[in-house]
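Dear colleague,

I am passing on the structure we spoke about, together with some notes on what was found in it. Please keep it open while you read, so that you can follow each point on the model itself.

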Amino acid sequence: MDVVHEYSDLTVHLSVFHAEIAEGVPKKLEHSDIRWLTADEISQYEFCPADKVILEGLKR
């Protein structure tokens, strides 16, 4: 899935991939926190407006 979202001061292009971890543990290289969520848990967190279309797709 590709999503282009226009904010008032910038445009972001997000590319989403389906992936599986073959081995090891995910590392926080670019973000301060990471976590696994089920589709049912998505509504418990706040996300940027650009993420909304992606998150709706995951709920299906």
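To begin with the charges, the protein chain has 6 positive and 12 negative ones, and the mean positions of these two groups lie 5 Å apart. Please bear in mind throughout that this is a predicted model, and that the values below were computed from it.

As for the fold, the protein chain contains 1 helix and 2 strands, and someone reading along the sequence meets them in the pattern β-β-α. The radius of gyration of the protein chain is 13 Å, whereas the globule rule gives 10 Å for 60 residues, and because the value is well over that figure, the chain is more spread out than a compact globule. Along its principal axes, the C-alpha trace spans about 40 × 25 × 20 Å.

The two strands belong together: strand E1, residues 2-6, pairs with strand E2, residues 11-15, in the antiparallel sense and over 5 bridges. A hairpin of 4 residues joins E1 to E2, and if you look across the pair you will find His 5 standing opposite Val 12 in E2. When you look at the strands, it may help to recall that in a regular strand the side chains alternate between the two faces of the sheet.

Beyond the strands, a loop runs between E2 and helix H1 (52-59), and Ser 32 lies in that loop. Is Ser 32 buried or exposed? Its relative accessibility is 72%, and since exposed means over 50%, Ser 32 counts as exposed. Ser 32 can also be compared with Gly 57, from which it is separated by 25 residues in sequence and by 25 Å in space, taken from C-alpha to C-alpha.

Finally, for the chain as a whole, buried residues make up 10% of the 60 residues, and the protein chain exposes about 5800 Å², of which carbon and sulfur atoms supply 52%. Among the contacts between residues at least 6 apart in sequence, 36% join residues that are at least 24 apart.

With best wishes

Conventions:
Residues are numbered from 1 along each chain as its sequence is written. This is a predicted model: local features need pLDDT of at least 70, side-chain atom pairs count only at pLDDT 80 or more; totals for chains, interfaces and linings use all residues. Side-chain values use heavy atoms; hydrogens and water are left out. The radius of gyration is taken over C-alpha atoms; the globule rule is 2.2 Å times the number of residues to the power 0.38. Buried means under 20% relative accessible area, exposed over 50%, partly exposed in between (1.4 Å probe, protein chains only). Contact means heavy atoms within 4.5 Å. Accessible areas come from the Shrake-Rupley method with a 1.4 Å probe; for residues, only the protein chains shown count as cover. Lys and Arg count as positive and Asp and Glu as negative; His and the chain ends are not counted. The place of a charge is taken as NZ of Lys, CZ of Arg, CG of Asp or CD of Glu. Two strands pair if DSSP finds at least two bridges between them.
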